[in-house]
Amino acid sequence: MRITLHIQHHIVYYDVPQLSLARDDVGTNYLCLLVSEIDWQCKYVAVQTSAQRLAALLIDEVDLRSFFKEPELHTWFEFEDMSEEIQARVSEFDMIPDEYLPDSGFKFEGWVAEDRSMLEHVTRLNNAVVQLSISDRSKDHGIDARALGDILKNYQSVLENSLRKIVNTHNKDKSTEVLVPNNYTIRAFAATPGSLNIHMYSTSDQNIFGESIMELGLKKFDEIISDSNNNETLTVALRTVKGHAVSSLKRILDTVLREDLTLIHRWCTPKDFVISTKVIDNPLASNIMKLLQETSDLGIEQRTFIGHFEKIDVINKTWRIFDINEKKKFRGIASADQLSGLTAKTKNYVVECDEVLTEHTVSEKEDVTYVLQSVKEIGKS
Amino acid sequence: MQNTQDDWAAVLPEGCPPNQAVPANGTFYRLIRSETPTNSDFLSQREGAPAKKFSNVSECIARSVSIWSNSQKCLDVRKLPGMKHRILVQIDLTPVDGKLMQYGDIDHYSWWRTKNFKVEAVVIFS
């Protein structure tokens, strides 16, 4: 029997990977250990592991020797080539040879110092944990407080609006149930030096789609800050969260460029205990910003209402509509030309608008303004 | 000091060492095979195995040598089956010996050697 493994990351590296985390095609975790190396010819043994046992290993609750000596499934796999697609075969031995085992007492403390603290938090909080490391050129473990505020506020906004887009696109019927504050907000609970590391956690539900709601937003954030050489791929990713999420991302990138910051985005969930890491530095921010400037519609949030106008004010250029899907009233602005000829109360329309957020300078509360773009009477060709 | 391609002990790809790499300076540790340090104990993965590639290891890292700023980490690594029986050595580096970049573990450094590095200066650590 053979399995295909894909390396996720190397935990211990010494000239060659010594201990690495891999996954098979269905997402099961494997730990791969270099068991012999002669003239650079390497041999690895891999064992399947649950996320819980892997976390226990990395926080030194399980010893590496017993992890390999007594794997959960009593099956070992072997391979020689650590290529992109590793072909591992089931080992013929009934028990792993002693010379393939590490000595007792290998401690991960120190090896996975940052990872360890994150894994501990994930285990303790049983939810997604995020670490945002922010540094500028001063190298004093600090940054301008206004920049910090901007980054955190807009980061939260990207997550929230990405989730709204994802849920409304793929599971609109569940949006009322899913799009509740505990699913899209993150809470900061610690800050540590290094860069300035802000530690946050999610309170989101974990039983929808088989993963936590917040994980969808975190994955999307990584996707839209990918260091892709292919701008077309990045544009496609950005288009999936077109509107407020992209506007907020733009504000983050603006701050990164203005303050010459480097952001490191790391997160982990109890689903697999694998830590994802993405970096936004000046060159990446410039590249994405350039792309956003060339595709300015990406920052525009569009909204469609279906229903009848309750009020049409051509003189003040305002309108109010009752949306039959949401059973709510919405107000907006338009040009006099756009409003003239429309009928209030007795006819239904499809109204396409741009949704514009305006922030009050003092209170920082946001107002939504709907700017009418097009209107079509239902049933009229 | 700006290094040229001729300064390096091995051919490095463009953009390697990366911008984050800093001039080597200080005391570092490494596990070697030989009882008396030789140049073969300081070969990078690419020098040792020109055709071998490892997933998730960049070409630049493949052309570096692993060293640690902490001797205890080397002793930890010696517990791993692929590294048992290796000998711990101490290396005192100065900027002429090459460039370093922290990679992976906080005490692990990737070292791009210059031709200036002299293996005779390496001492067995007791």
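The following is a working chat about a predicted model of two chains, A and B.

User: Before we start, what kind of model is this, and how are things numbered?
Analyst: This is a predicted model, in which local features need pLDDT of at least 70 and side-chain atom pairs count only at pLDDT 80 or more, while totals for chains, interfaces and linings use all residues. Residues are numbered from 1 along each chain as its sequence is written, chains are lettered from A and ligands numbered from 1 in the order in which they are written, and side-chain values use heavy atoms, with hydrogens and water left out.

User: OK, how many helices and strands in chain A?
Analyst: Chain A has 11 helices and 16 strands, taken as DSSP runs numbered from the N terminus, with helices being H or I of at least four residues and strands E of at least two.

User: And how much of chain A is buried?
Analyst: Of its 381 residues, 50% are buried, where buried means under 20% relative accessible area, exposed over 50% and partly exposed in between, with a 1.4 Å probe and protein chains only.

User: Which residues have the most contacts inside the largest nonpolar core?
Analyst: They are Tyr155(A), Phe221(A), Leu238(A), Leu249(A), Ile280(A) and Ile288(A), in a core of 48 residues; such a core is a set of buried Ala, Val, Leu, Ile, Met, Phe, Trp, Tyr and Cys residues joined through side-chain atoms within 4.5 Å. The largest share of this core, eight residues, is supplied by helix 4 of chain A.

User: What does Ile280(A) touch?
Analyst: Leaving aside neighbours within four places in sequence, Ile280(A) is in contact (heavy atoms within 4.5 Å) with residues including Phe221(A), Leu253(A), Val256(A) and Ala285(A).

User: Which residues belong to the other core?
Analyst: Apart from the core just described lies another, of 45 residues, and among them are Ile59(A), Phe67(A), Leu119(A) and Leu88(B).

User: Switching to chain B, what is its pattern along the sequence?
Analyst: Chain B reads β-β-α-α-β-α-β-β-β-β, with three helices and seven strands, and 52% of its 126 residues count as buried.

User: Which cysteines form a disulfide?
Analyst: Cys16(B) is joined to Cys60(B), with the sulfur atoms 1.9 Å apart, a disulfide being a pair of cysteine sulfur atoms within 2.5 Å. Cys16(B) sits in the segment before strand 1 (22–23) of chain B and Cys60(B) in helix 2 (residues 59–62), 44 residues apart.

User: Left- or right-handed?
Analyst: The torsion about the S-S bond of Cys16(B) and Cys60(B) is about 85°, so the disulfide is right-handed.
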